[in-house]
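Me: I would like to go through the labels attached to this model one by one, and to hear in each case what justifies the wording.

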Amino acid sequence: MGMTLHHSPSTSRSVRRLAAAACAVGLLTVAAGCGDDETSSDTTTAAAADSTAAPVAGEVTFAGQWARTSPAMATAGAAYVTITSTIDDKLVTALVDPSIAATVEVHETVMADMTSDTAMSSDTAMGSDTSMAGGEGEMMMRPVAFIELPAGVAVELKPGGYHIMLLNLVEPLEVGTSFELTLVFEHAGQITIDVPVLEEAP
């Protein structure tokens, strides 16, 4: 004998409610999943943008690096190089192996009468105040905190201008030799270059 099942109106409504609730839960789950994907995508994009914006060593180039040969009894030497950065940056310091020199400073050469009492006092206190020539038109070298490197501009470190000072040389700098000089930038970090010792600029 066959049986026929009849749903009461209340049963049908309950089934429809359950189905609607299941659909709603499904939609919420999908929406939540999409929300997570969008958040993740935004985070990844932001991270990628930050990574792209971060300066890298390849954005700095060098040309014409050299160091002047020093007399046998000299305790100081100087290195020069032309630096070009594709972004605004600063050269903040330099380093060499202790087997080359005990101290390295970034210097500039200025007219002695252009320096302030404070600057001259600071140089003297550091024991690195060095004068050239005498009397009127006297030039002096002094440490600087950094050298500005405007984006795309070739900044030349040269005799009579900015330069890297090597103090307390272990041995004189001799023509035909070379040494590694590490330049430290505010954004690009540390970059090491090979510096040949020459009689004059290349």
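**Strand pairing and the labels behind it**

Reply: Val 106 stands opposite Ile 164 in strand 9, and a caution belongs beside that statement, since the model is a predicted one.

Me: What makes strand 4 and strand 9 a pair?

Reply: Strand 4, residues 101–111, runs antiparallel to strand 9 and is joined to it by 6 bridges; two strands pair if there are at least two bridges between them, so the label applies. Strand 2 also pairs with strand 9 in the antiparallel sense, over 4 bridges, and there Ala 76 has Leu 167 of strand 9 as its bridge partner.

Me: Why is strand 9 called largely enclosed by the rest of the structure?

Reply: Of the 7 residues of strand 9, 6 are buried, so the strand is described as largely enclosed by the rest of the structure. Asn 168, which is placed in strand 9, has a relative accessibility of 46% and therefore counts as partly exposed, because that class lies between the 20% limit for buried and the 50% limit for exposed.

Me: What is notable about the phi of Asn 168?

Reply: Most residues other than glycine have a negative phi. Asn 168 is not a glycine, yet its phi is positive, at about 55°.

Me: How do you know that Ala 94 is buried?

Reply: Ala 94, found in strand 3, has a relative accessible area of 2%, and buried means under 20%, so the value meets the criterion. Leaving aside neighbours within four places in sequence, the contacts of Ala 94 include Val 106, Ile 164 and Leu 181. The C-alpha atoms of Ala 94 and Ile 164 are separated by 7.3 Å, although the two residues are 70 residues apart along the chain.

Me: Why is Lys 90 said to have no salt bridge?

Reply: Lys 90 lies in strand 3, residues 89–96, and is buried; the nearest side chain of opposite charge, that of Glu 148, is 4.2 Å away. A salt bridge requires a side-chain nitrogen within 4 Å of a carboxyl oxygen, so this pair is not counted as one. Glu 148 is nevertheless among the contacts of Lys 90, a list that also includes Phe 146, Phe 185 and Glu 186, because contact means heavy atoms within 4.5 Å.

Me: What makes Glu 148 partly exposed?

Reply: Glu 148, in strand 7 (residues 147–149), has a relative accessibility of 46% and so counts as partly exposed. Beyond its neighbours within four places in sequence, Glu 148 is in contact with Asp 89, Lys 90 and Val 155. The C-alpha atoms of Glu 148 and Glu 186, which are 38 residues apart along the chain, are separated by 10.0 Å.

Me: How do you know that Lys 90 lies over the face of Phe 146?

Reply: Lys 90 is placed at 4.1 Å from the ring centre of Phe 146, and the distance limit for a charge over a ring is 6 Å, so that part of the criterion is met.

Me: Why is the pair of Phe 62 and Phe 185 called tilted?

Reply: A search of the whole structure finds 2 aromatic pairs. In the pair of Phe 62 and Phe 185, the centres are 6.2 Å apart and the planes make an angle of 45°; the centres must lie within 6.5 Å, and planes under 30 degrees apart would be stacked and over 60 edge-to-face, so tilted is the remaining label. This pair links distant parts of the chain, with Phe 62 in strand 1 (residues 60–68) and Phe 185 in strand 10, 123 residues apart. Phe 62 counts as partly exposed because its relative accessibility is 22%, whereas Phe 185, with a relative accessible area of 3%, is buried.

Me: What makes the pair of Trp 66 and Tyr 80 tilted?

Reply: The ring centres of Trp 66 and Tyr 80 are 4.9 Å apart and the planes stand at 35°, so this pair is tilted. Trp 66 belongs to strand 1 and Tyr 80 to strand 2 (residues 76–85), 14 residues apart, and both residues are buried.

Me: Why is Gly 176 called exposed?

Reply: Gly 176 sits in the loop between strand 9 (163–169) and strand 10 (178–185), and its relative accessibility of 72% makes it count as exposed, because the class begins over 50%.

Note on methods. Residues are numbered from 1 along each chain as its sequence is written. This is a predicted model: local features need pLDDT of at least 70, side-chain atom pairs count only at pLDDT 80 or more; totals for chains, interfaces and linings use all residues. Side-chain values use heavy atoms; hydrogens and water are left out. Helices (H or I, at least four residues) and strands (E, at least two) are DSSP runs, numbered from the N terminus. Buried means under 20% relative accessible area, exposed over 50%, partly exposed in between (1.4 Å probe, protein chains only). Lys and Arg count as positive and Asp and Glu as negative; His and the chain ends are not counted. Rings of Phe, Tyr and Trp (its six-membered ring) pair if their centres lie within 6.5 Å; planes under 30 degrees apart count as stacked, over 60 as edge-to-face and the rest as tilted. A charge sits over a ring if NZ of Lys or CZ of Arg is within 6 Å of the ring centre and within 35 degrees of the ring normal.
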